[in-house]
Amino acid sequence: MSEPKHQKLIDAIGPRVVRDTYGISRQTLHHWRKRCIPHSYRVAFAKLAAEHGQPVPPDFFKGMVS
């Protein structure tokens, strides 16, 4: 089984940091790790990742509508 798409990124930043930053539950974070970070959070998440020295995947913004 392949690793979910954004699990490594979330783990690199720190699950607690992500939950506290966005005020989300453990269950919601679990869904993000297994499914992916929702498009509505991706710009803000990319900024959080940059603050923690983590690059986002090349296709992180793919499928987003401007």
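**Entry 1: aspartate 11 and its partner**

I looked up aspartate 11 and found it partly exposed, with a relative accessible area of 36%. The model I am reading is predicted. I then asked which side chain aspartate 11 meets in a salt bridge. The partner is arginine 33, with 2.6 Å from N to O. This pair links distant parts of the chain, since aspartate 11 belongs to helix 1 and arginine 33 to helix 3, which covers residues 26-34. The two residues are 22 residues apart. I also checked the accessibility of arginine 33, and at a relative accessible area of 23% this residue is partly exposed.

**Entry 2: the other salt bridges**

I noted that side chains of opposite charge can pair when their charged atoms come close. How many salt bridges does the structure hold? I recorded three.

Another of them joins aspartate 59 to lysine 5, and their closest N and O atoms are 3.2 Å apart. I located lysine 5 in the segment before helix 1 (7-13) and aspartate 59 in the segment after helix 4 (42-51), so this salt bridge ties together parts that are 54 residues apart in sequence. For aspartate 59 I read a relative accessible area of 31%, and I entered the residue as partly exposed.

I next turned to arginine 16, which forms a salt bridge with aspartate 20. Here the closest N and O atoms are 3.6 Å apart. Where do these two residues lie? I found both in helix 2, residues 15-22, with their positions four residues apart in the count, about one turn of the helix. I checked whether each is buried or exposed. Arginine 16 counts as exposed at 53% relative accessibility, and aspartate 20 counts as exposed at 52%.

**Entry 3: alanine 50**

I looked up alanine 50 and placed it in helix 4. At 56% relative accessibility, I recorded alanine 50 as exposed. I also took its separation from isoleucine 10, a residue 40 residues away along the chain. The C-alpha atoms of the two are separated by 12 Å.

**Entry 4: aromatic side chains**

I searched the whole structure for aromatic pairs and listed seven. One of them is formed by tryptophan 32 and phenylalanine 45. I noted an edge-to-face arrangement, with 6.4 Å centre to centre and 70 degrees between the planes. The pair links distant parts of the chain, with tryptophan 32 in helix 3 and phenylalanine 45 in helix 4, 13 residues apart. I found both tryptophan 32 and phenylalanine 45 buried.

Phenylalanine 45 also pairs with phenylalanine 60. I entered this pair as tilted, at 6.3 Å centre to centre and 40 degrees between the planes. Phenylalanine 45 lies in helix 4 and phenylalanine 60 in the segment after helix 4, so the pair ties together parts that are 15 residues apart in sequence. I read a relative accessible area of 0% for phenylalanine 45, which is buried. Phenylalanine 60 likewise counts as buried, at 0% relative accessibility.

Which residues form the aromatic cluster? I wrote down Tyr22, Trp32, Tyr41, Phe45, Phe60 and Phe61 as one cluster.

**Entry 5: a charge over a ring**

I closed with the ring of phenylalanine 60 and asked which charged end sits over it. I found that of arginine 42, at 5.2 Å from the centre of the ring.

How values were computed: Residues numbered from 1 in each chain as written. Predicted model: local features only at pLDDT ≥ 70, side-chain atom pairs only at ≥ 80, totals over all residues. Heavy atoms only, no water. Salt bridge = Lys/Arg side-chain N within 4 Å of Asp/Glu carboxyl O. Buried < 20%, exposed > 50% of the residue type's maximum accessible area, 1.4 Å probe, protein only. Phe/Tyr/Trp six-rings, centres within 6.5 Å; stacked < 30°, edge-to-face > 60°. Lys NZ or Arg CZ within 6 Å of the ring centre and 35° of its normal.
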